[in-house]
Every structure is written in C-alpha cells, then in structure tokens.
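Here is a friendly walk through some side-chain contacts and one helix. Have the sequence and the model open as you read.

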Amino acid sequence: MSLCCVMHLSGTVVRTLLDYVNHVQICSKLRLLLKKQREWPDICDILNSPRSLRHLCRLEIRRRLTLKRLNKPEVMDSHIFPPRLKHFILYQELDLYSQDLERII
C-alpha cells in the first residue's frame, strides 16, 4: 500500500475491505498512510464504531455458507434463498453499477 504508484488507492481499497470484515486493528504504518486519504473520516468512523447487527449477521451467514457455495450459481439461484436474501448475502445492495443497470432495464 505504501508504494507511490498505488498509495492514492489505499483509502478506497481499505474502505471497501472494511465492508467484508468484522472489526480489525490497523497497524500504525497503514494508519499514517490512510490519514492522508480523503476516505479517512469514513474509515475512522467504521473503526471506532461497533459494527451493526445487520453487518455481523451477513458476515456470519457468509462464513457458514463458505465461498465454495457462494460461488455456485445453482446454490444461490435455488429456492432456498429468496431474491432479497440473496442480494443481501452477496452485497448487491452496495453494488451501485448493477443498481443503475436495473433502473435502466
């Protein structure tokens, strides 16, 4: 992250990764780097606040399903998962690009 060619992406990358984890501690070197990024206020809020129950439930469901099952279309398209639950588990409500496509279509 501290390479000059990718340093400008560090805030965006860390902010995105925080959506996929519970609570993490960021090392001092990375913290110094992130403090210079425009995403730092958001990252700081996430790190200093408890995660929502909704977020923790999603992480637990994904952990129990395993990546192998999550990546199998026949499992995710089965009747076991209603569309809303499937979108929740796959983080599709956060996917701005597919939401724009759904509005157009």
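## Charges, rings and a buried face

Arg38 is exposed, its relative accessible area being 74% (exposed means over 50%, buried under 20%, and partly exposed in between, with a 1.4 Å probe and protein chains only). The model is predicted, so local features need pLDDT of at least 70 and side-chain atom pairs count only at pLDDT 80 or more, while totals for chains, interfaces and linings use all residues. Residues are numbered from 1 along each chain as its sequence is written, and side-chain values use heavy atoms, leaving out hydrogens and water.

Arg38 has a salt-bridge partner, Glu39, and Glu39 is buried at 9% relative accessibility. A salt bridge here is a side-chain nitrogen of Lys or Arg within 4 Å of a carboxyl oxygen of Asp or Glu. The structure holds 5 of them, and three are set out here.

| Salt bridge | Closest N and O atoms |
|---|---|
| Asp19 and Arg15 | 3.0 Å |
| Glu39 and Arg38 | 3.7 Å |
| Lys86 and Asp77 | 2.9 Å |

Of these partners, Arg15 is partly exposed at 26% relative accessibility. Asp77 is exposed, with a relative accessible area of 55%. Glu60, Arg63 and Arg64 are joined into one network by salt bridges that share partners.

Now to the rings. How many aromatic pairs does a search of the whole structure find? It finds 1: Tyr20 and Tyr91, a tilted pair with 4.3 Å from centre to centre and 45 degrees between the planes. Rings of Phe, Tyr and Trp (its six-membered ring) pair if their centres lie within 6.5 Å; planes under 30 degrees apart are stacked, over 60 edge-to-face, and the rest tilted. Tyr20 lies in the loop between helix 1 (10–17) and helix 2 (28–34), and Tyr91 in the loop between helix 6 (83–89) and helix 7 (96–104), so the pair ties together parts 71 residues apart in sequence. Helices are DSSP runs (H or I, at least four residues), numbered from the N terminus.

Tyr20 is partly exposed at 43% relative accessibility, whereas Tyr91 is buried at 4%. Tyr91 also has the charged end of Arg58 over its ring, 4.4 Å from the ring centre. For this, CZ of Arg or NZ of Lys must be within 6 Å of the ring centre and within 35 degrees of the ring normal.

Finally, helix 3 (residues 40–48) has Trp40, Ile43, Ile46 and Leu47 as its buried residues. Seen down the helix 3 axis, they fall within an arc of 125 degrees, so they line one face of the helix; the arc is that of the directions from the axis to the C-beta atoms. Helix 1 and helix 2 are among what covers these residues, with contact meaning heavy atoms within 4.5 Å.

How values were computed: Helix = DSSP H or I, 4+ residues; strand = E, 2+ residues; numbered from the N terminus.
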